Amino acid sequence: MPPLTSLHLRHLLRHYHLSSPPPPITFSLHSIPTHLPKIPALPFCLSQRPFSSSQTLNPNNTESPDPAIVQSLSTEISRDPNTDPLSISERLHLSFSHLTKNNALTPSLVLQTLKLSPDAGRTVIGFHNWLIKDANFEQNDESLALFVDYFGRRKDFKAAHDLLVEGKSVAGVKCFESMIDRLVRAGRTTQVIGFFERMERDYGFKRDKESLTFVVQKLCENGYASYAEKMVKNLANEIFPDDGICDLLIKGWCVDGKLEEAKRLAGEMYRGGFEIGTMAFNAMLDCVCKLCREKDPFRLESEVEKVLMEMDIRGVPRNVETFNVLISNLCKVRRTEDAMKLFSRIGEWGCCPDETTFLVLIRSLYQAARVGEGDEMIDRMKSAGYGDKLDRKAYYGFLKILCGIERLEHAMSVFEMMKADGCKPGIKTYDLLMGKWCTHNRLDKANVIYNEALSNGVTVTPKEYRVDPKFMKKPKAVKKEKKRETLPEKMARKRRRLKQIRLSFVKKPKKGMRRAL
């Protein structure tokens, strides 16, 4: 065996250092306060949880990769390539060759590594080459799409193009959707159209109605309905559009807020023999409500009736999304009572409310300070089978509304309901409640929530909470005791008062009057 060079020895020592367990970390009781100082401003002093690499690797667990390995890979990828004469592939081969033996390289591990390395840049190409050539990683459409999405997020579409050309044999639907999504979100509409025209020749993607529908959907969702309509009309001889594509185009114009263009396109579709579905009418209904809210809220009801009447004339049935659009817009203009009446009539059209209906109404009822009805709506949502949709994000929205309308006691009851349903509060939830209690000068309540966060292992961001002046205790004014007057002082006060009374009856001469001769 040839002798090891100093460079190889350095890599082996660093690999041994990464694989060895970290030294024990001792904590000081003085670093974490057991109670909050009872002052208007509450500075929190918390110690960060140490990074631990003692978790054992489970090769069969693809959903939760070892965070120590992920962190080590991310650190190696994010290093400046000019500081080491070896390439990124050679450095990864020297430091992480043990991962290939344990079959620990999974798509989940690759995804977490890319998430932790947003600034690695084109060094990720070396990481990709190491996975394919040295690590015996089985590349497929899903794993290649992770790298395409990474470079698309950085708007480095040249690198994404090179990866697609190199992996043409495995690239499929996932890579196509990821590339289109990133191009549209970056505003590269002309590149999207050009990519669709040459994708079958350059990347091996199939040009069919499904791929065209996906491109039109992404363009319309992001406000590029004009490009989508032009693209569909140019490709009509090759790929004839169906009713679904027409609905997407109408929805795209409505997303842009251009109701007249949507009506113009709907008329063309009807003359061309197409049938417009419920999705297109729901988009037009939402656009009408949005324009009325911005320009003239009093016309909301009459304009909505016109769209609903058009749906009935065309024979287009209403669905739950139709009612969600109406209820959401009624709640946005604070017409909660009308929204509740419409909610009670959903069953007349053979529809049942879904999770969106319940969540919108709960938020609106809380916003209107009808907290009892909001709690009843939560119970109805659970009994309807949508209790699993009440996640941490939904409960945080409820708490934020209740804290905004100064209903802190009821917010605490919803907070307890949240924990009873199995939702673990996060940093934002604890920070919201502590900040509100401190604003109300209730430091005892803030202490309880703070200690609960510590016991649950939630690290609260240190900050100062200011007390609202109207909730601060005003100092009591000291009453001055009346001093007993002496007899001379009493007589002098009476003489002054009698003089004032006597002078008040004296008739004063008018200015400018002359005495009559």
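These legends go with close-up views of a predicted model.

**View 1. Helix α17 running alongside helix α19.** Here we look at α17 (residues 320–332) and α19 (residues 355–367), whose axes come within 10 Å and cross at roughly 10°. With an angle that small, under the 35 degrees cut-off, α17 is roughly parallel to α19. On the α17 side, the contact uses Val-320, Asn-324, Ile-327, Ser-328 and Cys-331. Facing them from α19 are Thr-356, Thr-357, Val-360, Leu-361 and Ser-364. Sort these residues by class and you get five nonpolar, five polar and no charged. As for handedness, α17 passes α19 in a left-handed crossing.

**View 2. Helices α11 and α12 packed together.** This pair is α11 (209–221) and α12 (residues 225–234). Their axes sit 8 Å apart, at an angle of about 155°. Because angles over 145 degrees count as roughly antiparallel, that is the label for α11 and α12. The crossing is left-handed. From α11, the residues in the contact are Leu-212, Val-215, Val-216, Leu-219 and Cys-220. From α12, they are Ala-225, Ala-228, Met-231 and Val-232. What classes of residue make up this contact? The tally is nine nonpolar, no polar and no charged.

**View 3. Helix α22 and the helices around it.** Zooming in on α22 (residues 408–420), start with its length. At 1.5 Å a residue, its 13 residues should span 18 Å, and the end C-alpha atoms are indeed 18 Å apart, so the two agree. Buried residues in this helix are Leu-408, His-410, Ala-411, Met-412, Val-414, Phe-415, Met-417 and Met-418. They pack against α19, α20 (371–383), α21 (392–404), α23 (427–439) and α24 (443–455). Just past the end of α22, look for Gly-422, which takes a positive phi of about 90°.

**View 4. His-410 up close.** This histidine belongs to helix α22. Is it buried or exposed? His-410 has 18% relative accessibility, and since that falls under the 20% cut-off, it counts as buried. Setting aside neighbours within four places in sequence, His-410 is in contact with Tyr-366, Val-371, Asp-375 and Leu-402.

**View 5. Gln-367 in helix α19.** We're back on α19, this time at Gln-367. Its relative accessible area is 34%, so this glutamine is partly exposed. Which residues does Gln-367 touch, once those up to four places away in sequence are left out? They are Arg-334, Ile-401 and Ile-405. Phe-398 is also worth finding in this view: Gln-367 and Phe-398 are 31 residues apart in sequence, with 9.0 Å between their C-alpha atoms.

**View 6. Lys-206 in the loop between α10 and α11.** The loop holding this lysine links α10 (189–202) to α11 (209–221). Lys-206 counts as exposed because its relative accessibility is 61%, and the cut-off is over 50%. Not counting residues up to four places away in sequence, Lys-206 touches Met-199 and Ser-211. Gly-172 is 34 residues from Lys-206 along the chain, and their C-alpha atoms are separated by 8.9 Å.

Notes:
Residues are numbered from 1 along each chain as its sequence is written. This is a predicted model: local features need pLDDT of at least 70, side-chain atom pairs count only at pLDDT 80 or more; totals for chains, interfaces and linings use all residues. Side-chain values use heavy atoms; hydrogens and water are left out. Axes are lines fitted to C-alpha atoms, for helices over the stretch in contact, and angles run from 0 to 180 degrees between N-to-C directions. Helices (H or I, at least four residues) and strands (E, at least two) are DSSP runs, numbered from the N terminus. Angles under 35 degrees count as roughly parallel, over 145 as roughly antiparallel, 65 to 115 as roughly perpendicular and the rest as oblique. A crossing is left-handed if the near helix is turned anticlockwise from the far one by less than a right angle, and right-handed if clockwise. Contact means heavy atoms within 4.5 Å. Ala, Val, Leu, Ile, Met, Phe, Trp, Tyr, Cys and Pro count as nonpolar, Asp, Glu, Lys and Arg as charged, and the others, Gly among them, as polar. Buried means under 20% relative accessible area, exposed over 50%, partly exposed in between (1.4 Å probe, protein chains only). The expected span of a helix is 1.5 Å times one less than its number of residues.
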